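Let's take a look at how the helices pack in this one, and at what sits in the middle.

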Amino acid sequence: MNVAVLASGNGSNFEAIVKYFKKNRTNNVNLKFLIVDKKTAFARVRAKRLKVKDIFVDPKNFKTKLAFEKAIVKKLKLEKIDLVVLAGYMRILSPYFLKEFKNKVLNIHPALLPAFKGDRAIRDAFKSGAKVTGVTVHFVDEKVDHGPIILQLSVQIKNNDTLITLEKKIHKVEHKLYPEAIKLFCDAKLSLKGGVVKVGK
Ligand code: GRF
């Protein structure tokens, strides 16, 4: 299975994914490249370190979102990508993109969806007084932070947690959960029926 990662920023999930699949070579996952939409994304530095090809597609070079996405889709198709992994990719994919890669786009969210959607999920959970939050890996559909849930893991919010310690705990869980979900997809162990994912054969 050919996999591509799309990121915009830090890229710690990208790095965790690369490392996992370098270590577990027996599986059928071939991580082809990283695509970023930001020139200065730290994910690119990680890609160079990890010797993974990185491609910067500059949105400024395109008149429309559709043209930008078409350029990305072209690259993905050229390399016969089977799975697109969003890892801190800060753009909403259009119906066009999602049709081209139907049920082949994954995302990770730092909360237990459907709770705490949005780009401040860890902070929102922390401020809410919730005692449990977590991480979700899901298929991407046309709504934001929405789509069939693949895996979730909970993280407790303890009395002595600060936002910083909670963020650390969440990211640690993310780095474990995302490779697992990718492996399940690539091993054809996910089936999708009526918007619900079944894990396992
Ligand atoms: C992660 O917390 C992920 O859940 C969210 O964006 C963040 C990306 O972090 N979608 P990184 O760039 O992988 O370090």
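Here is a quick tour of two helix contacts and the nonpolar cores.

Keep in mind that this is a predicted model. Helix α6 (residues 163-186) is a good place to start, with α1 (residues 12-23) as its partner. Both α1 and α5 pass α6 in a right-handed crossing. The geometry looks like this:

| Helix pair | Crossing angle | Axis distance |
|---|---|---|
| α1 (residues 12-23) and α6 | roughly 55 degrees | within 9 Å |
| α5 (residues 121-128) and α6 | about 125 degrees | 10 Å |

With angles of 65 to 115 degrees counting as roughly perpendicular and those under 35 as roughly parallel, the roughly 55 degrees between α1 and α6 makes α1 oblique to α6. On the α1 side, the contact uses Ser 12, Asn 13, Ala 16, Ile 17, Tyr 20 and Phe 21, and α6 answers with Glu 174, His 175, Tyr 178, Pro 179, Ile 182 and Lys 183. Sorted by type, that's seven nonpolar, three polar and two charged residues.

Now for the other pair: at about 125 degrees, α5 is oblique to α6 as well. Here Ile 122, Arg 123 and Phe 126 of α5 meet Leu 163, Leu 166, Glu 167, Ile 170 and His 171 of α6. This set splits into five nonpolar, one polar and two charged.

So what about the cores? The largest nonpolar core has 43 residues, and Tyr 178 and Ile 182 are among those touching the most other members, along with Phe 14, Leu 34, Leu 83, Val 85 and Ile 150. The biggest contributor to this core is α6, with 11 residues. A separate second core of 20 residues includes Phe 33, Val 73, Leu 98 and Val 105.

Methods. Residues are numbered from 1 along each chain as its sequence is written. This is a predicted model: local features need pLDDT of at least 70, side-chain atom pairs count only at pLDDT 80 or more; totals for chains, interfaces and linings use all residues. Side-chain values use heavy atoms; hydrogens and water are left out. Axes are lines fitted to C-alpha atoms, for helices over the stretch in contact, and angles run from 0 to 180 degrees between N-to-C directions. Helices (H or I, at least four residues) and strands (E, at least two) are DSSP runs, numbered from the N terminus. Angles under 35 degrees count as roughly parallel, over 145 as roughly antiparallel, 65 to 115 as roughly perpendicular and the rest as oblique. A crossing is left-handed if the near helix is turned anticlockwise from the far one by less than a right angle, and right-handed if clockwise. Contact means heavy atoms within 4.5 Å. Ala, Val, Leu, Ile, Met, Phe, Trp, Tyr, Cys and Pro count as nonpolar, Asp, Glu, Lys and Arg as charged, and the others, Gly among them, as polar. A nonpolar core is a set of buried Ala, Val, Leu, Ile, Met, Phe, Trp, Tyr and Cys residues joined through side-chain atoms within 4.5 Å. Buried means under 20% relative accessible area, exposed over 50%, partly exposed in between (1.4 Å probe, protein chains only).
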